Amino acid sequence: MPRETGVPTGTLAMLILQVLRAGGPLHGYAIAQRIHLLSSSELKVEEGSLYPSLQKLLAEGWVKADWVVSETGRKVREYTLTRAGAKQLDHELREYERMSAAVRAVLEGGNA
Amino acid sequence: MMRLLRRIGYLLQRGRLERDLECEMEAHREVMGEPARFGSMLRLREEAREAWGWGWLDRTMQDVRHGTRILRKRPLYAVTAVAVLGIGIGLNLALAQVLNAVAWKPMMLRDPDGLVRFFRLSPNSSSSGVPYQVARYAERNRTALDAVILVQTNRVSWGEGDGQPAAVSFVSGNFFAQMGKGVRLGRLFQEEDEQGVPVAVVSHQFWSSRLNGDVGMMGSVVTVNGVKATLIGVAAEGFHGPVEGRCDAWLLMEQMDHYFPGSRERESWTSNNVNMYGRLKPGVGMQGAEDAMRGMMRELAGMYPQWFAKDEWLGAAAAGDHFRRAQDRQMLLTVAALLGGLSLMVLLVACANVAGLGVAHAAARGNEFRMRTALGAGRARLLRQLVTESAVLSIGGVLCGWFVGYGLSQWLCSVTEFDTPMEIVPSGRMMGLAMGLGWVTALAVGLIPAWRVTRQNGAGMREHGVASGRAGWTQRALLGAQTVGTCVLLVVTALTARKLERLVAADFGFRMEGVAVVEAALLQHGFVGEQGRQYWTSLRSVLEADPRVAEVTVSSVAPMGRTVMESRYNDAPGIKVTHISVEPEFFGMMRIPLLRGRNFERGDTRRTAVIVGQRLAERMYGSVDVVGRGFPVSEPEATIVGVAANATLIKITATDVSELYHPLETAEMAGATLLARLRDGVGLDKLRDLAARADGRVRPQARWMAADFERKLQGPRLMWEVSRNVGAFAVILSAVGIFGLVAYTVSLRTREIGVRVALGAGARQIAMLVLGGLMLPVGVGAVVGIAIGTLGLGRLLAGDPFYLDPREPVAIGGVVAVLVVSAMAAAAGPVQRALRIDPAAALRGE
């Protein structure tokens, strides 16, 4: 049974942006589910951090939100990645790679 | 930028966006398997709100609403605080308004940067005007100036019949082209108008008030000084030219003899009656203009040595400095600094008072703060809350202060005849000042109680009734600060009172009772020199023939008249010398004794004889035995024939002036004044009747010299009234502060007092217990305040233009008495309450 952990600190925004880039417009619940799914159930997005994070992304202009009618006929609010958001995502991915490589280098170097 | 716009957009549509978020979260919850895990929607909404960066605004509004609620529950405290702050802020704003109009606000003139005004200067004297012919010479021979503009202020009667007085400026034809700021109606002067029919332009103020804003008046004929002129235009609103004070209308200087028939002013090379302005050529600075003028004056001295000395020059002052020369700016700065310091002192007293009230007010909310701390509020949170509450008070204070300031400045204008309109709608600068004062008061008034309250770990004030040696030391310090400010203001009040008292009772060295002053504006009617002498001779013979007139003399200016030529001599430092030309009868008639030497004789001239005042002799020569010596010492221009006893003829408030008497010469007769001592019971109308018989062309004006004296007292009277009201305000505030502190002490130490009374303490001991905390701050505050007022400010107050002598033990004694009496009166109530405490009830904690 996969252990459910919260999303690593500082990565939620990046994950949300990536999910939106890959999966197109999604509403909040769907974003949380997608992250959970793609991480093979390793990562669980707490609702308490999802919505504040989405609001921050809206404030920064990295996503935009519109009300649409879903397939089930409910009104839902879908988030879409903006061009600025795509740029920000690229930037964060680069940073994340850089940090990961640095950490990996330390760990591998320590084992040598 | 976009981020900011998005944030502002959120703020404007907050309601809708928050509802959207709520719906969204609700929908999310519904589809969750375990809705309970969603968490608190309220907390999530708050966190979401923080993400937009407006959390601080929410918290501030919360504090403001809370503060307003608290203040509504304590209306007396709120109203008192707002009123006190309002008066303190208002006083400062009123002063700033006046200073703004007088010194800071750019003058309402076209392109003021290029405009300068010229003063006629020599090593020993200065004059603000130049002779008409000098100005025209400068215009014809200008090298550094693009234009020369002439202005002469005057008074005329406007309207049919006797008309109403109007303040006018006679100007050169290029005045509006060079200085004007646009036209409201009709047109303004052009240079060609100088050769045409008499025309007039009126000010906007005059047109809307005296002429009822009648648009149809343009082109109509008006009556000025009994003759006709055509009204051609109304100047732009607020324009009054380069002169300070009111200007109702402008007339052309070239047409002056139309209004004053026979006027020879425009022929004058000697009377400094015209204000001369210039527009600098591009690239030429003030120094360049002064150099050019110096050259011109040297030319004139060469051509007309009888009228111009070789060491004269024309000094310049820029429009940016309101056409004030350096020494006038210096004096204005000194006065402004002093008045500014005093009014800030009032604000200090006001803030200290309100802060003291605030400390007591916060003390009463101990439970509230304890609860807040228990709920997790940190020190910073409590501080922020209290400062926000005091900001609410400050906003009220600023609004109240704005109206107080407006009212005060309007009153000042009305009593001083200083006629620059004050603004009710704030200019940017005034608004900035008001807000600045508001911030300062908010911090001053809020931080102290806030710091005090939170210092006790947020536990608020002590339990009711538990004594503490350090109880209220903040309040004692605030009371001390208030007392310092109050005493400084009281010292100024006492000194102005003593000054006025001395002036009213003073002996100025001459007798003015029953003396009337007769002025005839002969120059403007075309009398010069010998004609003037003949006029006065004729008038004198009419008067002397009448038994109701006891004595008559003529002098260049009347005692108690307006300022005359003033000099400073290097040989007599620190003394200002006022020149007055007199006939030999003058000294006898004014009862001024001659201490040495002789009176003037017929045949004495300016070049041969002077009589010096006693103070001047002592300062310049070290003795009064100076008859026969040259005056002045270093470069004698005349011989001293006599020494007159000190007589303060013109500047009655000053302590550093002395008179210098010259024989009255024929050339000065046209501008002279007649003095007549009337027998008891004789009225001015009799004098006017007699005077009118001398020459049908001239209508002399007569007034009592004593009335001129009263007019001179207006300045010191005004100073006394203002400082009395401000001093009273400060005393009341101090009394309130004392009352607050003593009442607070009593309420805190009720149990202790009950115990002591139960153990046999008498009334005296209880009173000392309660008042003990008062003595030190009030005592120290009084000593410091009086020291600042007498020693610190003493030098500034003793000089021009206040002339307040700080060595007044009676006055200082009065300050101490007022302070003690007000303190005792304020403390009486709470002390009485302490004495009436029932020990049993106190011990039960009631």
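In this predicted model, B:L797 touches B:L338, B:V492, B:L495, B:G789, B:F802, B:Y803 and B:L804, leaving aside residues up to four places away in sequence. B:L797 belongs to the largest nonpolar core, a set of 71 residues. Together with B:L489, B:I738, B:V742, B:I753, B:V770 and B:L774, it ranks among the residues that touch the most other members of that core. Eight elements of chain B, namely α5 (75-104), α11 (326-363), α13 (379-416), α14 (428-455), α15 (473-505), α21 (714-748), α23 (763-792) and α25 (809-835), give two or more residues each to this core. A second core, separate from this one, has 47 residues, including B:M253, B:Y259, B:M293 and B:A316.

Two of the helices that contribute to the larger set can be followed a little further. Two packed helices are described by the angle between their axes and the distance between the axes. For α21(B) and α23(B), the axes come within 8 Å and cross at roughly 145 degrees, and the crossing is right-handed. On the α21(B) side, the residues that meet the partner helix are B:I738, B:L741, B:V742, B:T745 and B:V746. Their counterparts in α23(B) are B:V770, B:L771, B:G773, B:L774 and B:V778. B:I738, B:V742, B:V770 and B:L774 thus appear here once more, having been listed with the residues that touch the most other core members.

Elsewhere in chain B, attention turns to strand β10 (residues 275-280), which is mostly covered, with 6 of its 6 residues buried. In a regular strand the side chains alternate between the two faces of the sheet. In β10(B), B:N275, B:Y277 and B:R279 point one way, while B:M276, B:G278 and B:L280 point the other way, and all are buried. β10(B) has antiparallel pairing with β1(B) over 4 bridges, and B:L115 stands opposite B:R279. It also pairs in the antiparallel sense with strand β3 (residues 145-158) of chain B, this time over 6 bridges. Within that second pairing, B:V148 has B:G278 as its bridge partner.

Some loops of chain B hold backbone features that merit a look. The peptide bond from B:F631 to B:P632 is cis, with omega near -10 degrees; B:P632 lies in the loop between β18 (630-631) and β19 (638-644) of chain B. B:D111 is not a glycine, yet it has a positive phi of about 45 degrees. It is placed in the loop between α5 and β1 (115-122) of chain B, and with a relative accessible area of 46% it is partly exposed. B:N225, likewise a residue other than glycine, has a positive phi near 50 degrees. Its place is the loop between β7 (221-224) and β8 (227-235) of chain B, where B:N225 is partly exposed with a relative accessible area of 26%.

Taken as a whole, chain B contains 26 helices and 22 strands. Its C-alpha atoms fill a box of roughly 115 × 75 × 50 Å along the principal axes. Of the 846 residues in the chain, 51% are buried. Among contacts in chain B between residues at least 6 apart in sequence, 79% join residues at least 24 apart.

Chain A offers a sheet of its own. Here 3 strands form an open sheet in the order β2-β5-β4, with antiparallel pairing. β2 (26-27) and β4 (63-69) of chain A are the edge strands, each pairing on one side only. The pairing of β4(A) with strand β5 (residues 75-81) of chain A is antiparallel and runs over 7 bridges; A:K64 has A:T80 in β5(A) as its bridge partner. Helix α1 (residues 12-23) of chain A packs on this sheet and touches β2, β4 and β5 of chain A. The direction of α1 makes about 95 degrees with that of β5(A).

The two chains meet at a pair of helices. The axes of helix α3 (residues 47-60) of chain A and helix α3 (residues 41-51) of chain B come within 8 Å and cross at roughly 25 degrees. Because angles under 35 degrees count as roughly parallel, α3(A) and α3(B) are therefore described as roughly parallel to each other. Their crossing is right-handed. From α3(A), A:E47, A:G48, A:P52, A:Q55, A:K56 and A:A59 take part in the contact, meeting B:L44, B:E47, B:A48 and B:A51 in α3(B).

Conventions: Residues numbered from 1 in each chain as written. Chains lettered and ligands numbered in written order. Predicted model: local features only at pLDDT ≥ 70, side-chain atom pairs only at ≥ 80, totals over all residues. Heavy atoms only, no water. Core = buried A, V, L, I, M, F, W, Y, C linked by side-chain atoms within 4.5 Å. Buried < 20%, exposed > 50% of the residue type's maximum accessible area, 1.4 Å probe, protein only. Contact = heavy atoms within 4.5 Å. Pairing = 2+ DSSP bridges. Axes fitted to C-alpha atoms, helices over the stretch in contact; angles between N-to-C directions. Parallel < 35°, antiparallel > 145°, perpendicular 65-115°, else oblique. Left-handed = near helix turned anticlockwise from the far one by under 90°.
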